[in-house]
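Trainee: Could you take me through a close look at one part of this model, going slowly over where its residues sit and what surrounds them?

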Amino acid sequence: VIMFFVALWLCLAASCATAPLDRTPTTPTPNGFDAARVVKVLDADTITVEFVSDPGKFHRVRYLNVDGPELGECYGLTAAAVNRELLQVGVVYLETPDFGPLRDRYDRLLRHVWIQQAGHLALVNFELISLGAATVWFVDDPKHIDLYRQAETTARNHDRGLHRECR
């Protein structure tokens with residue numbers, strides 16, 4: 001399993017050096033969401049995007065209620081690779097929180113991040129926690145928090161990702 005993630009990371013790391021993805025949404029943007037192109041995956045819980053509605057301006061986005069390991073920490077490189085794999089679609093849909101701040105102390109946008117996956121929307125925040133690439137970090141927005149906590153409990157109980165590697 002570890003070798004799989006190492007191979008995945010090496011494969012994905014090579015694709016990081018390519019030009020930013022220039023994809024447009026293949027389906028209409030869901031109501032209440034902002035469509036954005038993924039420019040760069042910075043780590044397990046932060047990306048740089050360019051809004052489809054505002055080309056040429058780049059924004060760092062921190063996944064809301066998610067805490068991924070930093071690149072130099074245990075499982076950090078693998079968690080970033082998992083995030084990069086999920087975002088290969090190139091386009092994300094950003095959901096603004098109902099409560100709390102819209103930006104963190106580093107001026108990153110705080111958002112729930114969605115992708116089109118197999119014909120439906122998938123919540124990247126949830127997927128990262130489910131795979132053990134991140135844990136729950138509750139800020140102020142209770143939206144999806146029960147789902148995130150359930151995913152973390154399952155990942156921990158099944159020794160997925162960082163729950164197995166970083167004891």
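Mentor: Two residues are said to be in contact when they have heavy atoms within 4.5 Å. This is a predicted model, and I would begin with Glu70, which is found in the loop between β4 (66-67) and α2 (76-86). Leaving aside the neighbours within four places in sequence, Glu70 is in contact with Asp43 and Gly76. Of these partners, Asp43 is 27 residues away from Glu70 in sequence, yet the two C-alpha atoms are 6.7 Å apart in space. Glu70 counts as partly exposed because its relative accessibility is 38%, a value that lies between the 20% limit for buried residues and the 50% limit for exposed ones.

On the other side of β4 in the sequence, the loop between β3 (58-63) and β4 holds Asn65. Asn65 counts as buried because its relative accessibility is 0%, and its backbone also deserves attention, with a phi near 65 degrees, a positive value in a residue other than glycine. Most residues other than glycine have a negative phi.

A further residue to set beside Asn65 is Ala118, whose phi is near 55 degrees, again a positive value in a residue other than glycine. Ala118 has its place in the loop between β6 (109-117) and β7 (120-123), and there it counts as exposed because its relative accessible area is 77%, which is over the 50% limit. A positive phi is thus found both in Asn65, which is buried, and in Ala118, which is exposed.

Key: Residues are numbered from 1 along each chain as its sequence is written. This is a predicted model: local features need pLDDT of at least 70, side-chain atom pairs count only at pLDDT 80 or more; totals for chains, interfaces and linings use all residues. Side-chain values use heavy atoms; hydrogens and water are left out. Helices (H or I, at least four residues) and strands (E, at least two) are DSSP runs, numbered from the N terminus. Buried means under 20% relative accessible area, exposed over 50%, partly exposed in between (1.4 Å probe, protein chains only).
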